[in-house]
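Dear colleague,

Please find the structure below, followed by a short account of what was found in it.

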Amino acid sequence: MKRVYNFSAGPAVMPESVLKEAAEEMLDYQGSGMSVMEISHRSSLFQNIIDTAEQDLRDLMNIPDNYKVLFIQGGGHVQFAMVPMNLFVNKVGDYIITGQWAKKAWQEAKMYGTANAIASSADRTFSYIPDCSDLPIDEDADYVYICLNNTIYGTVYHELPDTKGKPLVADISSCFLSEPLDVSKFGILWGGVQKNVGPAGCAIVIIREDLVRKDVLEGTPTMLKYDTYVTSGSLHNTPPVYTIYMCGNVFKWLKAQGGLEEMKKRNEAKAKILYDFLDESKMFKGTVEKKDRSLMNVPFVTGDADLDKKFIKEAEEAGFVNLKGHRSVGGMRASIYNAMPIEGVEKLVGFMREFEKANGGN
Ligand SMILES: *Cc1c(COP(=O)(O)O)cnc(C)c1O
């Protein structure tokens with residue numbers, strides 16, 4: 001059997017023990033004689049899977065009781081629409097544009113009302129997080145929206161924006177469960193699970209109760225109302241049962257590893273290895289302002305597009321795959337999510353050193 005070091009931004013590496021356990025349970029889940037894919041979403045077996053997943057997530061993130069946890073199909077792009085459709089009362093949303101995902105959310109919201117770009121780092125290719133200490137927040141803003149970790153550009157907010165009392169909505173897709181977060185500082189936290197949690201197929205939405213409205217924008221489809229998921233326990237229709245099962249298994253794995261404090265420690269150690277090398281290398285350079293560097297997504301370049309190509313090709317042959325940067329940026333990007341073992345990063349840096357020597361660096 002072949003396993004590689006997978007640095008993909010998403011769908012991404014999963015913990016090997018979780019995959020093995022899923023393989024063992026594939027044909028016969030807990031004596032049912034069926035795979036989780038084959039059991040009814042109305043069965044007690046599945047009810048137990050989704051209830052346990054929710055409780056484990058609540059334990060891991062310390063989610064206060066006045067927040068709901070929802071499992072919603074459609075991934076990130078559907079949340080770009082659901083946020084304004086459900087939160088617009090004055091029909092005004094304030095967006096901080098730190099990359100492609102924030103920009104897409106902003107553009108989507110414009111279809112339903114006024115979406116203001118109140119800060120942006122577009123002037124320097126999204127290589128930093130703008131100063132958010134005194135933003136021109138619209139008095140009528142229903143919320144302020146951020147993308148907490150910018151998967152493509154490799155930046156992260158180390159300090160949350162001052163929203164001047166407006167609810168903060170955050171896309172946490174690529175930093176989900178990578179370190180502890182104070183949920184009470186947010187109105188909504190949502191993440192597509194295929195980056196740092198599980199297989200593609202759903203987004204998890206953590207929403208403060210008072211933001212779940214019944215009087216959402218006129219014409220909002222039933223399946224795009226948060227309230228539908230709240231009142232049905234995310235079981236109004238057939239949910240992505242296998243994805244939810246796998247997410248639940250990852251939550252169990254995270255608890256067994258020591259929870260989010262431990263993940264933060266490990267993620268910091270992994271990122272340090274890579275960033276330290278980028279800072280000392282004469283060939284490879286990080287593309288992001290140091291103070292805003294992400295622990296999860298690390299973009300870097302050689303400054304020579306042909307050399308980048310050669311590196312990506314040889315890295316792949318050596319078992320380090322999916323290192324190509326996003327098509328909008330070029331260069332390389334190593335995504336080093338929770339499930340990437342520290343050896344993967346150490347070996348990657350070893351390979352980069354060798355490549356640098358072999359190609360005229362020191
Ligand atoms: C990948 C990603 C998205 C888009 O997710 P889809 O499920 O493909 O729609 C949105 N936001 C962030 C931060 C992402 O990394």
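A polar contact here is a pair of N or O atoms within 3.5 Å; within protein, one must be able to donate a hydrogen and the other to accept it, and residues adjacent in sequence count only if both atoms are side-chain atoms. The model is predicted: local features need pLDDT of at least 70, side-chain atom pairs count only at pLDDT 80 or more, and totals for chains, interfaces and linings use all residues. Residues are numbered from 1 along each chain as its sequence is written, and side-chain values use heavy atoms, with hydrogens and water left out.

The ligand

An N or O atom in the side chain of Thr-151 is 2.5 Å from an oxygen atom of the ligand. For Lys-195, a polar side-chain atom lies 2.6 Å from a ligand oxygen atom, and for Gln-194 the corresponding value is 2.8 Å. The protein covers 86% of the 390 Å² of accessible area that the ligand has on its own (Shrake-Rupley method, 1.4 Å probe; for residues, only the protein chains shown count as cover).

Helix 8

Helix 8 (residues 305-317) is a DSSP run (H or I, at least four residues, numbered from the N terminus). Its buried residues (under 20% relative accessible area, 1.4 Å probe, protein chains only) are Leu-307, Asp-308, Phe-311, Ile-312 and Ala-315. These residues lie on the same side of helix 8 because they cover an arc of only 140° around the axis, taken from the directions from the helix axis to the C-beta atoms. The face turned away from that buried side carries the exposed residues (over 50%) Asp-306, Lys-309, Lys-313 and Glu-317.

Yours sincerely

Definitions and conventions. Helices (H or I, at least four residues) and strands (E, at least two) are DSSP runs, numbered from the N terminus.
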